[in-house]
Amino acid sequence: MKTVYLHYDQAALDTEYDNRKKVPNHREWLSRYAAESARARTDFEARLDVPFGTHAGERLDIFPARAAGAPVHVFIHGGYWQWLDKSDFSFVARGLQPEGAAVVVVNYALIPTVGMDELVRQCRASIAWLHRHAASFGGDPNRIYVSGHSAGGHLVAMAMSTDWQAFGGLPTDVIKAGCAISGLYDLEPIRLCYLNDVLALTPDAARRNSPVLLPPPAAGSLLLAVGGDEGPEYHRQTNDLAAAWRGGGCALEVLDMAGHDHFSIAGELESPVSLLARAIQRQMGLA
């Protein structure tokens with residue numbers, strides 16, 4: 001695995017991972033996420049704050065399918081594992097539900113209220129719950145797909161690398177395909193930058209939760225989307241995971257999206273006809 005980040009001094013490494021400083025209009029995008037999400041919760045049937053575990057953070061927002069037997073698309077939000085909420089990302093339903101999917105947006109307890117291992121466990125537990133309950137909202141438990149943005153991209157990769165038989169006696173291929181959007185797959189530079197003031201990752205925790213160091217999925221497919229205007233570290237993260245997991249049983253594709261920064265790329269899922277929404281629809285057999 002490449003260690004390009006070791007060539008940065010502390011200030012430069014911090015800058016590489018400070019997306020809010022790198023994108024001057026990030027507040028406009030965060031406000032747009034919230035506004036479009038509120039509108040989606042009005043426009044679509046929604047079952048909000050459905051518990052999938054006992055922790056207060058273990059909640060789902062479900063946008064049921066329009067017809068039974070639909071693929072289930074699970075979206076995991078970002079925010080560097082310490083910010084944001086599922087309610088900020090209801091808008092993803094607009095890009096996928098009209099085309100025939102049931103859409104589920106996952107919440108998890110944020111760091112520092114829990115550690116990274118528990119946060120990852122919660123996201124895995126959400127998949128197990130959805131596999132058991134998919135039919136209750138028009139979904140097919142044998143057609144589960146996952147996407148996520150930023151830290152959510154990391155959580156997509158962690159979910160896809162899960163030993164599902166060991167985790168919950170689930171089928172090895174419980175996740176049929178994933179799309180990680182401007183994600184993080186090597187947590188060592190995260191441990192070494194300013195983010196660790198809150199995340200408190202140890203070297204062992206960073207290794208356990210770095211997809212680049214984990215076995216690739218035995219089946220399925222993974223789309224690694226990254227904004228063309230992201231910094232070098234986000235491109236390295238994407239390319240390193242692709243290199244580490246190529247040759248396994250999972251089909252891999254990197255989609256470098258020209259003109260998109262760390263925040264605008266998630267906005268692609270506001271529309272069912274955007275390039276990224278169409279790519280995810282194709283994974284589900286809907287386009």
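Helices here are DSSP runs of H or I with at least four residues, strands are DSSP runs of E with at least two, and both are numbered from the N terminus. With that convention stated, I turn to the model itself. This is a predicted model, in which local features need pLDDT of at least 70, side-chain atom pairs count only at pLDDT 80 or more, and totals for chains, interfaces and linings use all residues. Residues are numbered from 1 along each chain as its sequence is written, and side-chain values use heavy atoms, with hydrogens and water left out.

I begin with the loop between β6 (175-181) and α8, where S182 is placed. S182 is not a glycine, yet its phi is positive, at about 45°. This residue is also buried, with a relative accessible area of 0%; buried means under 20% relative accessible area, exposed over 50%, and partly exposed in between, using a 1.4 Å probe and protein chains only. A200 offers a second positive phi in a residue other than glycine, near 55°. A200 lies in the loop between α9 (196-199) and α10 (203-208), and at 56% relative accessibility A200 counts as exposed.

S182 leads us to E230, in the loop between β7 and α11. Which residues does E230 touch, leaving aside its neighbours within four places in sequence? They are N19, S182, H235, H260, D261 and H262, where contact means heavy atoms within 4.5 Å. E230 is buried, with a relative accessible area of 8%. From E230 to C179 there are 51 residues in sequence and 17 Å in space, C-alpha to C-alpha.

The next element is the unit around that loop. Strand β7 (residues 221-227) and strand β8 (residues 251-257) run parallel and are joined by seven bridges; two strands pair if DSSP finds at least two bridges between them. Within this pairing, S221 stands opposite A251 in β8. Together β7, helix α11 (residues 232-245) and β8 form a right-handed β-α-β unit. Right-handed here describes a path from the first strand over the helix to the second that runs clockwise when the strands point away from the viewer.

Is helix α11 largely enclosed or largely open? Ten of its 14 residues are buried, so α11 is largely enclosed by the rest of the structure. Among the buried residues of α11 are E233, Y234, H235, R236 and W245. Their cover includes α1 (10-16), α2 (19-22), α6 (151-160), α8 (188-192), β7 and β8. Its length also agrees with expectation: at 1.5 Å a residue the 14 residues should span 20 Å, and the end C-alpha atoms are 20 Å apart. The expected span is 1.5 Å times one less than the number of residues. Just after α11, G247 takes a positive phi of about 95°. Helix α6, part of that cover, is itself mostly covered, with ten of its ten residues buried.

I move now to the nonpolar cores. A nonpolar core is a set of buried Ala, Val, Leu, Ile, Met, Phe, Trp, Tyr and Cys residues joined through side-chain atoms within 4.5 Å. The largest has 66 residues, and those with the most contacts inside it are Y17, L60, W81, F137, I190 and L222. Helix α5 (residues 116-133) gives the most to this core, with nine residues. A second, separate core has 33 residues, including A40, A101, A279 and M284. As background, nonpolar side chains in soluble globular proteins tend to be buried together. Beyond its neighbours within four places in sequence, Y17 has contacts that include I190, C193, E233, Y234, R236 and Q237.

C193 raises the matter of disulfides, defined as pairs of cysteine sulfur atoms within 2.5 Å. By this rule the count is zero. C179 is in no disulfide, as the nearest cysteine sulfur, that of C250, is 12 Å away. Why is C193 unpaired? Its sulfur is 20 Å from the closest cysteine sulfur, in C123, which is too far for a bond. Both cysteines are buried, C179 with a relative accessible area of 0% and C193 with 4%.

Two points remain. The peptide bond from I111 to P112 is cis, with omega near 20°, and P112 sits in the loop between β4 (102-106) and α5. R32, in helix α3 (residues 26-43), counts as partly exposed at 38% relative accessibility.
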